[in-house]
Amino acid sequence: MKIAIINGPNLNLLGKREPGIYGSQSFEAFFEALKAQYPQVELHYFQSNIEGELVNELQRVGFDYDGIIMNPAAYTHTSVAIGDAIAAIKTRVVEVHISNVHAREEFRKLSHVSAKAAGSIIGLGLKGYELALQFLLTRQ
Ligand code: DQA
């Protein structure tokens with residue numbers, strides 16, 4: 001079972017970035033713990049601050065991986081290209097947001113990803129990534 005986690009811009013700063021909103025754990029530390037908890041899963045992590053690199057990664061993993069967990073971060077609200085890439089690939093994508101985007105600024109309510117994703121997990125912190133993984137492992 002091969003699952004890709006793809007994070008968008010500024011998520012490389014998790015742990016340092018606005019900890020009141022995003023928490024104090026780095027994604028690397030969370031990812032190590034997740035891999036230890038699910039040794040049966042081949043978990044692959046990719047992060048980029050560049051929109052086109054995120055599209056390239058979706059295209060790269062989107063035809064032979066078993067699932068994709070994606071937090072497109074700010075590009076969620078702006079990127080038609082990421083929405084189109086998710087529609088174009090075969091592998092299911094679960095959209096994750098650490099914070100509750102619906103309880104924040106108005107512009108965060110628009111997602112170019114939600115309608116193309118299998119589903120969205122919003123506002124449950126880093127736990128959202130694990131819940132997405134559990135969904136992908138149980139729902140084929
Ligand atoms: C985010 C929410 C986005 O609005 C924001 O731009 C992010 C992170 C989240 O995980 O809560 O960078 O996707």
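A helix axis here is a line fitted to C-alpha atoms over the stretch in contact. With that in hand, welcome to this predicted model. Two topics follow: a pair of helices whose axes come within 11 Å, and a ligand of which the protein buries 99% of the area exposed when the ligand is taken alone.

**The helix pair**

- Helix α2 covers residues 27-37 and helix α5 covers residues 127-138.
- Their axes cross at roughly 30 degrees, and the crossing is right-handed.
- On the α2 side, the contact is made by Phe27, Phe30, Leu34 and Gln37, while α5 brings Tyr129, Glu130 and Leu133.
- Sorted by character, the residues of this contact are five nonpolar, one polar and one charged.

**The ligand and its surroundings**

- Around the ligand you will find Arg17, Tyr22, Asn71, Ala73, Ala74, His77, His97, Ile98, Ser99, Val101 and Arg108.
- This shell divides into five nonpolar, four polar and two charged residues.

**Polar contacts to the ligand**

- The side chain of His77 has an N or O atom 2.7 Å from an oxygen atom of the ligand.
- For the side chain of Asn71, the corresponding distance to a ligand oxygen is 2.8 Å.
- Ala74 takes part through its backbone, with an N or O atom 3.2 Å from a ligand oxygen.
- Taken alone, the ligand exposes 320 Å², and 99% of that is buried by the protein.

Notes:
Residues are numbered from 1 along each chain as its sequence is written. This is a predicted model: local features need pLDDT of at least 70, side-chain atom pairs count only at pLDDT 80 or more; totals for chains, interfaces and linings use all residues. Side-chain values use heavy atoms; hydrogens and water are left out. A residue is near a molecule or strand if one of its heavy atoms lies within 4 Å of it. A polar contact is a pair of N or O atoms within 3.5 Å; within protein, one must be able to donate a hydrogen and the other to accept it, and residues adjacent in sequence count only if both atoms are side-chain atoms. Accessible areas come from the Shrake-Rupley method with a 1.4 Å probe; for residues, only the protein chains shown count as cover. Ala, Val, Leu, Ile, Met, Phe, Trp, Tyr, Cys and Pro count as nonpolar, Asp, Glu, Lys and Arg as charged, and the others, Gly among them, as polar. Axes are lines fitted to C-alpha atoms, for helices over the stretch in contact, and angles run from 0 to 180 degrees between N-to-C directions. Helices (H or I, at least four residues) and strands (E, at least two) are DSSP runs, numbered from the N terminus. A crossing is left-handed if the near helix is turned anticlockwise from the far one by less than a right angle, and right-handed if clockwise. Contact means heavy atoms within 4.5 Å.
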